[in-house]
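Good morning, everyone, and thank you for making room for this short talk. Please have the sequence and the model open while I speak, and let us go through the fold one piece at a time.

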Amino acid sequence: MDENLKYDYLKLKNQLCFPLYAASREVIKLYKPYLDSLDLTYTQYIAMTLLWEFDTLTVKEMGDYLLLDSGTLTPLLKKLESKGLVTRTRSTKDERNLNVSITEEGKALRKKALDCPLRMEHESPLTVEESTQLYRLLYKLLGQSDKDVPDWSLIDE
């Protein structure tokens, strides 16, 4: 192989990691105005979406779902607790586990957040089919190709 050609792999344009990184930043930037109205950061939002679904999870379970470590989750959850959206309590079954539960105020925020997925669907330049394909590919990349693909066509109903 030509020595110069070998170094072409190091060019930014040839790195898969860069468009993934840049796309992630752009998507989060699109969320920002909607999340500002909810007084949530993107990471707080995804944590809240879990609690809207499950009501109570351990920090470890949240980390597993969100692919975040406890060092990232702990300050985030403390902030959500200071906002009155969650409570953190030691498990009575195993004191090593910290349970995170949604509060009534946190549940009320769910209703305010309801239009966020619809707004984001309209912001995206992707078709429903492209979004479905991207969803599958990203979860395949994460080693979770068994994820069910949401039916985004229902969002407009």
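Let me begin with one pair of residues: Val86 has Ile102 as its bridge partner in strand 3. Before we go further, please keep in mind that what we are looking at is a predicted model.

That pair belongs to a wider pattern, since strand 2 and strand 3, the latter covering residues 98-102, run antiparallel and are joined by 5 bridges. Another of the pairs is Thr87, whose bridge partner in strand 3 is Ser101. On the other pairing, strand 1 and strand 3 also run antiparallel, and 3 bridges join them; here Thr58 has Asn99 of strand 3 as its bridge partner. For those who are new to this, strands of a sheet pair through backbone hydrogen bonds, and the pairing can be either parallel or antiparallel.

If we now put the strands together, what is the order in the sheet? We have an open sheet of 3 strands in the order 1-3-2, with antiparallel pairing. Strand 1 (56-58) and strand 2 (86-90) stand at the edges, and each has a single partner strand, so one side of each is left without a neighbour in the sheet. From one strand to the next, the twist averages 25°.

Two helices sit against this sheet, and I would like you to find both of them. Helix 4, residues 59-66, packs on the sheet by touching strand 1 and strand 3, and its direction makes about 90° with that of strand 1. Helix 5, residues 70-82, lies across strand 2 and strand 3, and runs at about 120° to strand 2.

How many residues of strand 3 are buried? The strand is mostly covered, with 5 of its 5 residues buried. Looking at the two faces in turn, we find Leu98, Val100 and Ile102 on one side and Asn99 and Ser101 on the other, all of them buried, so that both faces of the strand are covered.

Asn99 deserves a moment of its own. This residue of strand 3 has a relative accessible area of 19%, and because buried means under 20%, Asn99 counts as buried. Leaving aside residues up to four places away in sequence, Asn99 touches Thr56, Leu57, Thr58, Thr87, Arg88, Thr89 and Ser91.

Let us move on to the way the helices meet each other. Two packed helices are described by the angle between their axes and the distance between the axes. The axes of helix 3 (residues 42-54) and helix 6 (residues 104-113) come within 10 Å and cross at roughly 110°, which makes helix 3 roughly perpendicular to helix 6. In this contact, Tyr45, Met48 and Trp52 of helix 3 meet Gly106, Lys107, Leu109, Arg110 and Ala113 of helix 6. Sorted by class, the contact has 5 nonpolar, 1 polar and 2 charged residues.

Helix 3 also meets helix 5: their axes come within 10 Å and cross at roughly 80°, and these two helices are therefore roughly perpendicular to each other. The residues making this contact are Thr43, Gln44, Ala47 and Met48 from helix 3, together with Leu76, Lys79 and Leu80 from helix 5. They divide into 4 nonpolar, 2 polar and 1 charged.

Now for some details of the backbone. Most residues other than glycine have a negative phi, and with that in mind please look at Asp39, which has a positive phi of about 60° although it is not a glycine. Asp39 is found in the loop between helix 2 (17-38) and helix 3, and at 51% relative accessibility Asp39 counts as exposed. Leu67, in the loop between helix 4 and helix 5, likewise has a positive phi, near 60°.

What about the cysteines, and how many disulfides does the structure hold? The structure holds 0 disulfides. Cys17 is partly exposed, with a relative accessible area of 49%, whereas Cys116 is buried, with a relative accessible area of 2%.

I will finish with Leu141, which lies in helix 8 (residues 128-141) and, at 54% relative accessibility, counts as exposed. Leu141 and Ile28 are 113 residues apart along the chain, and their C-alpha atoms are separated by 19 Å. Thank you for listening.

Key
Residues are numbered from 1 along each chain as its sequence is written. This is a predicted model: local features need pLDDT of at least 70, side-chain atom pairs count only at pLDDT 80 or more; totals for chains, interfaces and linings use all residues. Side-chain values use heavy atoms; hydrogens and water are left out. Axes are lines fitted to C-alpha atoms, for helices over the stretch in contact, and angles run from 0 to 180 degrees between N-to-C directions. Helices (H or I, at least four residues) and strands (E, at least two) are DSSP runs, numbered from the N terminus. Angles under 35 degrees count as roughly parallel, over 145 as roughly antiparallel, 65 to 115 as roughly perpendicular and the rest as oblique. Contact means heavy atoms within 4.5 Å. Ala, Val, Leu, Ile, Met, Phe, Trp, Tyr, Cys and Pro count as nonpolar, Asp, Glu, Lys and Arg as charged, and the others, Gly among them, as polar. A disulfide is a pair of cysteine sulfur atoms within 2.5 Å. Buried means under 20% relative accessible area, exposed over 50%, partly exposed in between (1.4 Å probe, protein chains only). Two strands pair if DSSP finds at least two bridges between them.
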